[in-house]
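Trainee: I should like a close look at a single part of this structure, namely the sheets of the first chain. Please set them in the context of the chain around them.

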Amino acid sequence: MFDRLKSILAAGAVVIASLATPALAADAVIGVSIPAATHGWTGGLNYHTKRTIDRMKEAFPNIDFVLATSSSATQQVNDIEDLMARNINALVVLPFESDPLTEPVKAAKAKGVFIATVDRGLAEEGIEDLYVGGDNPQYGTAAAEYFKKKFPDGGKIVVMRGIPTAIDNIRIDAFNAALKDTKIEVLDMQYANWNPDKGFEVMQDYLQRFPEINGVWAGDDDAALGAIEAIKQAERKNVTVLGGSGMNKVIKLVMDGHDMVDADIFYPPTLIIPAIELVTMKFATQAPINGRYVLGSPLITKDNAAEYYFPDAPY
Amino acid sequence: MTDITATSTGDAAVSPSRTLAGIFEAAGPLIALILLMLIGSLMSDSFLGAENLSNVFTRSAIIGIIAVGATFVITAGGLDLSVGSLSALVAGVTIMFMNSAAEVLGPGWQLVAAGIVCSLVVGAAAGLLNGVMIVKGRVEAFIVTLGAMGIFRSIITWLADGGSISLDFSLRDAARPIYYGQVLGIAVPILVLAVIAIVGELVLRRMRFGRHVAAIGSNRHVAFYSAIPVNRVRILTYVIQGLCVAIATVIYVPRLGAATPSTGLMWELEAIAAVIIGGTALSGGFGRIWGTIVGVLILGFISNILNLAGFVSPYLNGAFQGAIIIIAVLLQRDRSQG
C-alpha cells in the first residue's frame, strides 16, 4: 500500500514542479528577515509582516518580496546569505542579536543592498540606511518610573526577565539605573521567557517566598497574564502587575479598570509596518528614504488606552 | 542491546536483588527525590508549606500525565518527540471548538464535556497517525515524531496567526474548576494524575498488554515469534500517548485559558527526561510508571527550589537542573559489572 502511495507522491511532485513557472522579473526585490514566532510578541510581528507584504504586493505589483523567518541568530545569518543569493535590492532585517548579525548585513551592504534595520541596531554604526525602532532603554525606564510613582513611600517588587537576549539586558539595565537610590526594593529577578506558563510558575514561587509583594514587573504582557492568574489563585490582595509591549488583551484590562493592572508600556510589533512600507516606497516611487525613525515607549493608562487598542490583531 | 542483557535487566526488575546496590537501583529516583526535598526544606521555610507543595504537584500534573504515556512508548522501544507540539495543537483546536460550540451548548458543563471529548479525539487521532506511520510505514519513530513536532507546531501557529487563541471570558468560569478546583482539599489535577498513574502502573505491570509492551521493547523479533500482536501493540502505545497528551491539555487549558505557539515548548524533553530519571530504560524493555511520576516531581521541585531560594544566579539555573538530573540517574545505575 505504501509503495503505491510513494509512486502517487512522486507523480504529484513532478506535476507541481512543471507547474511552477519561473518568477517574472520584478523591478526590485525586497528581502525581509525576522525572527520566527517564538513568543507572543514575535507572533504579532510575523502577523503584521505578512499582512504588510501582502498589501504592498497588491499596491505595487512591480515590487517583489522574499520573507525569511528564523528561529535563531545562526539561522538568520544563513537566511540572509540565502536572500543575497536571490539578488535582493533591499534588506529589511530585525536582528535576533546585534553582534552575530553585523558581519553578514555589512557584507550585504557592500554588495550595494539597501539596508533597513528594525527594533535592534547592529554592533557597528553606519551600516544601515534606515533604522526603525522602539526605544528599549525607555521601556525599562518607563517601568521604573511607573513603580516610583505608584509607591512614593517605597515598595517591594519582583521582576520577571524575558528570554536571555541583548534587548532584555538593555531594558533591565535601564530599569535598575532608574531605580537606583529610590525606596523601591527589588526582591528578585528570574527569567520567565516572556511566556505565560513560565510567568504563572515564577509568580507562584515568588508568592510562596515573599510574604509581602507590592508590585510585579512581568516585563511582557504574556508573562503578566500568567502572573495575574497566579496572584488570583493565591488570593493575594493589593499586588500591582505591570507587563509591557501592548498586547490587546492587556490593554483591554487597562481600559476596563482591572484591579491588578492599571497600566501597560507600549512597544508594539507593528513597528515592522513602517519599515517595510518605507523601503517599498523607496523602490516603487523613488522616494528619498534614510535616517532614523524611533517609536516611543509611552505608558498606557486608562486615559489613553483606546488609542493603542487593536481588538482584531492576534497580539 | 543483546538478548542476554535484555533478559537480565528484565529479571532484575521483576525480582530486585536483595543487595544494597539492588535496593539503590530499585529505589534510586525516590532517594533522589527525598534528598532534593531535604535540600529544599533547608533552603527555604516556605518550601514544605502545604500551598507550595500543592502548587508544584499541580503544575507537575500536566507533564506527569504526558510522561505516563511516554513511559508506554519508551518501554515498547519507541519514542515520541511530538507531545509538546501536540499539546499546543490540541489546546488550540479545543478552545476554538468550545468558542464556536458555546452558542449551541451554552456556557455550562455540557460545553466542558464536549471540549474534553474534542481534545481526546484530536489527541488519539494524532497518536494513531504517528503510530501507523512508524509501524506500517516503517519509518523510524524519531523521524516521524520529529516531523510531526514541526507539523503540529506550525498548524497551531497558523491557526493562531502567530498570536494566541483564547477561551471566551464568559466560558472560563465553567472550565476553571478543572485546574483550580479541589476535591476533599486536594487539587483536581493531582487527583487526575494519581488516577492515571495508578491505572497506567496496573496496565503496564500487571496486565497482558503491559507485558506485551515490555516484551516488544526487549526484543521485537522474539515477541513476534511468541505470537504477540507486535504491530497492534506498538500502534496502541502511540494512541495511549496521544490520549495522555489530550488529558493533560484538558487540565492545561483552564489554567490560563489560552493556547499560543509557545505552549508546550520543550515538554517532550521534560517528559522523556522524567521517564528516564524514573528508571525506565531508554532502549525499551522495562518501564515503571511510579518512577516516571517521581521523575516528574524531581524536575518540578528543582525549578521550584531555584525560584524559592534565589541563591543561584538565574543565569546558572539551567546548569543546576542539568547536574541534578544527571545525579538522579547516576544514583540508580548498577555499576557492579564495571
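Mentor: The account below begins with the chain as a whole, turns to its two sheets, and ends with the contact to the partner chain and some helices there.

The model is a predicted one. Chain A has 10 helices and 12 strands. Its C-alpha trace spans about 70 × 60 × 35 Å along the principal axes. Of the 315 residues in chain A, 46% are buried. Contacts that link distant parts of the sequence are well represented: where the two residues of a contact in chain A are at least 6 apart in sequence, 73% of such contacts join residues at least 24 apart.

The domain assignment divides chain A into domain 1, made of 20-134 + 269-296, and domain 2, which covers 136-265. Their C-alpha centres lie 32 Å apart. Across the boundary, eight residues of domain 1 of chain A are in contact with 12 residues of domain 2 of chain A. On the domain 1 side, the residues that touch domain 2 comprise one nonpolar, five polar and two charged.

Consider now the sheet of six strands. It is open, its pairing is parallel, and its order in chain A is 2-1-3-4-5-11. The edges are formed by strand 2 (63-70) and strand 11 (291-295) of chain A, each of which pairs on one side only. On average, neighbouring strands of this sheet are turned by 15° against each other, direction ignored. At one end of the order, strand 1 (residues 28-35) of chain A runs parallel to strand 2 of chain A, and eight bridges join the two. One residue pair locates this register: A:Val29 has A:Asp64 of strand 2 as its bridge partner. As general background, strands of a sheet pair through backbone hydrogen bonds, in either a parallel or an antiparallel manner.

The other sheet has four strands. It too is an open sheet with parallel pairing, and its order in chain A is 7-6-8-9. Strand 7 and strand 9 (240-242) of chain A stand at the edges with a single partner strand each, so one side of each has no neighbour in the sheet. Neighbouring strands here are turned by 20° against each other on average, direction ignored.

Two pairings of this sheet may be examined individually. Strand 6 of chain A pairs with strand 7 of chain A in the parallel sense over six bridges. Within that pairing, the bridge partner of A:Arg161 in strand 7 is A:Tyr191. Strand 6 (residues 155-161) of chain A is mostly covered, with five of its seven residues buried. Towards the other edge, strand 8 (residues 215-217) of chain A is joined to strand 9 of chain A by three bridges, and the two run parallel. Here A:Trp217 has A:Leu242 of strand 9 as its bridge partner.

Strand 7 leads from the sheet to the contact between the chains. That contact takes 29 residues from chain A and 27 residues from chain B. On the chain A side, at least two residues each come from helix 2 (40-59), strand 7 (184-191), helix 7 (196-209) and helix 8 (221-234). Helix 7 of chain A gives the largest share, eight residues. By class, the chain A side of the contact has 11 nonpolar, 12 polar and six charged residues. Strand 7 of chain A is thus both an edge strand of the four-stranded sheet and a contributor to the side that touches chain B.

For the partner chain, three helical details complete the picture. Helix 6 (residues 141-159) of chain B has 19 residues and reaches 26 Å from its first C-alpha to its last, close to the 27 Å expected. Its buried residues, including B:Ala148, B:Phe152 and B:Ile156, pack against helix 4 (83-105), helix 5 (109-135) and strand 4 (258-259) of chain B. Just after helix 6 of chain B, B:Asp161 takes a positive phi of about 55°.

Helix 9 (residues 188-206) and helix 14 (residues 289-309) of chain B pack at an angle of about 145°, their axes 8 Å apart. Helix 9 of chain B contributes B:Ala197, B:Gly200, B:Glu201 and B:Leu204 to this contact, while helix 14 of chain B contributes B:Ile289, B:Trp290 and B:Ile293. The contact of these two helices has five nonpolar, one polar and one charged residues.

Finally, helix 13 (residues 267-277) of chain B is mostly covered, 10 of its 11 residues being buried. B:Gly279, which follows helix 13 of chain B, has a positive phi near 105°.

Key
Residues are numbered from 1 along each chain as its sequence is written. Chains are lettered from A and ligands numbered from 1 in the order in which they are written. This is a predicted model: local features need pLDDT of at least 70, side-chain atom pairs count only at pLDDT 80 or more; totals for chains, interfaces and linings use all residues. Domain bounds come from an automatic or database domain assignment. Two residues are in contact if their C-beta atoms, placed from the backbone, lie within 7 Å. Ala, Val, Leu, Ile, Met, Phe, Trp, Tyr, Cys and Pro count as nonpolar, Asp, Glu, Lys and Arg as charged, and the others, Gly among them, as polar. Two strands pair if DSSP finds at least two bridges between them. Axes are lines fitted to C-alpha atoms, for helices over the stretch in contact, and angles run from 0 to 180 degrees between N-to-C directions. A residue is buried if 20 or more other C-beta atoms lie within 10 Å of its own, exposed if 12 or fewer, and partly exposed in between; C-beta atoms are placed from the backbone. The expected span of a helix is 1.5 Å times one less than its number of residues.
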